[in-house]
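Take a walk through this model, one part at a time. Begin with the broad layout, then move to single residues.

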Number of protein chains: 2
Amino acid sequence: MKSLQQLTRQKALSGLAMPRILPSQSVAARRLWQRNFSATASAAQLAALDASKLTITKTQAPKELTPNKDLVFGKTFTDHMLSIEWTAADGWHTPQIVPYQNLSLDPSTCVFHYAFECFEGMKAYKDKTGGTRLFRPNKNMERLNKSSARIALPTFDGEVLTKLIGEFVKLDDRFIPDARGYSLYLRPTMIGTQKTLGVGPPGSALLFVIASPVGPYYPTGFKAISLEATDYAVRAWPGGVGDKKLGANYAPCILPQLEAASRGFQQNLWLFGEEEYVTEVGTMNLFLAIKNKETGQKELITAPLDGTILEGVTRDSVLSLARERLEPKGWAISERKIRMADVAQAAEEGRLIEVFGAGTAAIVSPVRSISYRGKLVDCGLKADEEAGEIALQMKNWIESIQYGDEAHPWSVVV
Amino acid sequence: MKSLQQLTRQKALSGLAMPRILPSQSVAARRLWQRNFSATASAAQLAALDASKLTITKTQAPKELTPNKDLVFGKTFTDHMLSIEWTAADGWHTPQIVPYQNLSLDPSTCVFHYAFECFEGMKAYKDKTGGTRLFRPNKNMERLNKSSARIALPTFDGEVLTKLIGEFVKLDDRFIPDARGYSLYLRPTMIGTQKTLGVGPPGSALLFVIASPVGPYYPTGFKAISLEATDYAVRAWPGGVGDKKLGANYAPCILPQLEAASRGFQQNLWLFGEEEYVTEVGTMNLFLAIKNKETGQKELITAPLDGTILEGVTRDSVLSLARERLEPKGWAISERKIRMADVAQAAEEGRLIEVFGAGTAAIVSPVRSISYRGKLVDCGLKADEEAGEIALQMKNWIESIQYGDEAHPWSVVV
């Protein structure tokens, strides 16, 4: 029992349903691994991620740039990739920027069998002075570490990886379109690379970052989407891993998404439990602006971080800005559970002001209607409107920070 | 709405919490994919998996056999692998047996990001006449199809894949150790191979089968294990995907497993819900033999297929044999929920006869004790016993069929 107390793992794991995982968990997980599965290495010998060791191998075949109008999300990639190996025996190996290239992996590699994989989505933006900026990279690093630790993959110093990503972005700078709404989508990914079918903590891993130039989500202005509330399948549950950005959370979402699409809905909305709590949309968090029936108080509501929703960086940004800029104007800002039936009732009574999704891809995505129990819940937009007031404001506020028009600590020049 | 009714997808998906998925779902998923994401192909043009097209490229560098005593599960592989590509536009491509080799995949391939991956575990056995046998391969094919369809990967004719696996096994026949308890572990795996970060149904996939010679799980006879009941994390949920053999279900299980190991337990036992129902063990289903308090009736209990446990082939085999051979001797055989507290009470009252896990690796794995709420639940074995009577019988009955000593429709000569 002594080692358990040392590691405080019980405590860390008890918190899995909560969004918080101790930073020490990563070290604990690594030590646990060593104790159980490796007798050779001690934590002291493990190399930390070290940006000063970065090596760069430039491509001999620079790609042609894709014209802005032809950009498709996640389809074309820059000249290079950032690649860092990790082994349980040695820790982090030399960070390398190399030409964008295939991964060559043994078919028994654990990423193919047991979904040892997690990732982040973040963007680099060109500001008006030609500088390149990241948006709240510390949030992505924090979340990637949490995701990684939860599936026994290694953790790392987030500031060091941000620095390395900065070097990568600077090298492939020419791929960042210099136009509002455009950016370079960055995909940090961690995969387990151990070659064995035994189910256990991977003894080796690969952290890589690839980058894809992307255009505005709404090239011709907002276009409100319609959602289908899903009650026949469950995305996440308390004590599960739905709050981590694991590959494991994505493949099972496709069928309900196709199902919704087959009936003309752009995304599905995940409900949870008998109460049918509103949790999140396909690949976004959800915000609802509702007027209180008794008091008339306007409230911006999003689901709480109870383990069943992803801890979105955009969600957090919307909440912060709402508290800073909407609360003084009389809005209540709430992270709380809300039943889909209550949303439907608010709509019927004309109290549903607006609804929007929040995510890295679109920033905000206005919602026109939600299909629920055979009826369409009207989300408050007028017929000729494609976005509500708050969604519009949020997009402007956040973009203004992302593109460096407004000086803000969230925007980090690389 | 017409196409929806045609596809009966709503019905199929409504059944996700239930273990049943319509075979037609696969075709439906493919059509849905085409309708939504591809305008070019119609179902009629899609090629089915065709064993008659098999091509074989033999290795130029045959491997040395690993001595039986040095075999480690899933560490060494045979000379070849079976590999079949699928594309949404064309269906199944030519099946190929090729030398065992690395997979070369673009870093944006969807298997690395969204866990488009599912697999099976099955074994080939040498019988006393030198023939090679598979055990209930139809069950594995059925389950792989269900897993694959659930994550929008393609399905296939199970008999055709069984035939192809038979050809592969025959070619690498020399790797099957000719000794009781030894076998060739087969790992059919399906991965999504589309190169895009867009979250959607993969437009291409790879089905591959690799094979690893394995020794007996208990080389020196049974060794009872001890479990730790896990109440701080949840493996699966009704309406989720815990009943499918998806990679997604495995990575999140490692930390609780390490946690149990750190306290000296070989596996963790997943409880579910406030009632703390017994579901399954790390990588096995669980069986409990309990004497009824009032009637004295002996009952062999395993969790029902309610979506929270894997539909184990060994589980099914144990249930069938129990109904055939134990029921006539006065046993009741039940697929039902049982609370961990009731198991603990039965143990305290001397009514817990024996407990064992059931899975492909060990067939049965006797359990000595379960740590629950700070106490050790004694599972009925005497101090000098490593297996209970039923576990022993089951292992003998099943092995006898697997190795062809007993003629039985479950054993299929390749």
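In chain A, the C-alpha centres of domain 1 and domain 2 lie 28 Å apart. Domain 1 covers 45–214 and domain 2 covers 225–413; such bounds come from an automatic or database domain assignment. The two domains touch: 30 residues of domain 1 and 26 residues of domain 2 of chain A take part in the contact. Contact here means heavy atoms within 4.5 Å.

A word on the ground rules. This is a predicted model, in which local features need pLDDT of at least 70 and side-chain atom pairs count only at pLDDT 80 or more, while totals for chains, interfaces and linings use all residues. Residues are numbered from 1 along each chain as its sequence is written, chains are lettered from A and ligands numbered from 1 in the order in which they are written, and side-chain values use heavy atoms, with hydrogens and water left out.

Now look at chain A as a whole. Chain A has ten helices and 20 strands. These are DSSP runs, numbered from the N terminus: helices are H or I with at least four residues, strands are E with at least two. Chain A has 414 residues, and 64% of them count as buried. Buried means under 20% relative accessible area, exposed means over 50%, and partly exposed lies in between, with a 1.4 Å probe and protein chains only. Among contacts in chain A with a separation of 6 or more, 72% join residues 24 or more positions apart. Chain A exposes about 15,800 Å², and carbon and sulfur atoms supply 50% of that area. The areas come from the Shrake-Rupley method with a 1.4 Å probe; for residues, only the protein chains shown count as cover.

How does chain B relate to chain A? A turn of 180° and a shift of 0.0 Å along the axis lay chain B on chain A with an RMSD of 0.0 Å. That is the relation of a two-fold axis. The superposition is by least squares on the C-alpha atoms of residues with pLDDT of at least 70 in both copies. Of the interface residues of chain B, 97% are also interface residues in chain A, so the copies meet through the same surface.

Next, go inside. In soluble globular proteins, nonpolar side chains tend to be buried together. A nonpolar core is a set of buried Ala, Val, Leu, Ile, Met, Phe, Trp, Tyr and Cys residues joined through side-chain atoms within 4.5 Å. The largest one holds 124 residues, and Leu161(A) and Leu161(B) touch the most other members. Apart from this core lies another, of 53 residues, including Val355(A) and Ile398(A). Not counting residues up to four places away in sequence, Leu161(B) touches partners that include Leu49(B), Met141(B) and Phe156(B).

Where are the disulfides? There are zero over all chains; a disulfide would be a pair of cysteine sulfur atoms within 2.5 Å. For Cys253(A), the nearest cysteine sulfur is that of Cys110(B), 14 Å away. Cys253(A) is buried, at 11% relative accessible area. For Cys253(B), the nearest is that of Cys110(A), 14 Å away. Cys253(B) is buried too, at 13%.

Helix H7 of chain A spans residues 254–262. Eight of its nine residues are buried, among them Ile254(A), Gln257(A) and Glu259(A). After H7(A) comes Gly264(A), with a positive phi near 90°.

Most residues other than glycine have a negative phi. Two residues here go the other way. Arg373(A) has a positive phi near 50°. Arg373(A) sits in the loop between strands E18 (363–372) and E19 (375–378) of chain A, and is exposed at 64%. Ala152(B) has a positive phi near 60°. Its loop joins helix H5 (137–150) and helix H6 (158–171) of chain B. Ala152(B) is buried, at 9%.Finish in chain B. Thr314(B) belongs to helix H8 (residues 313–326) and is buried, at 7% relative accessible area. Leaving aside neighbours within four places in sequence, Thr314(B) is in contact with Ala358(B), Gly359(B), Thr360(B), Ile363(B) and Ile398(B). Arg368(B) lies in strand E18 (residues 363–372) of chain B and is partly exposed, at 22%.
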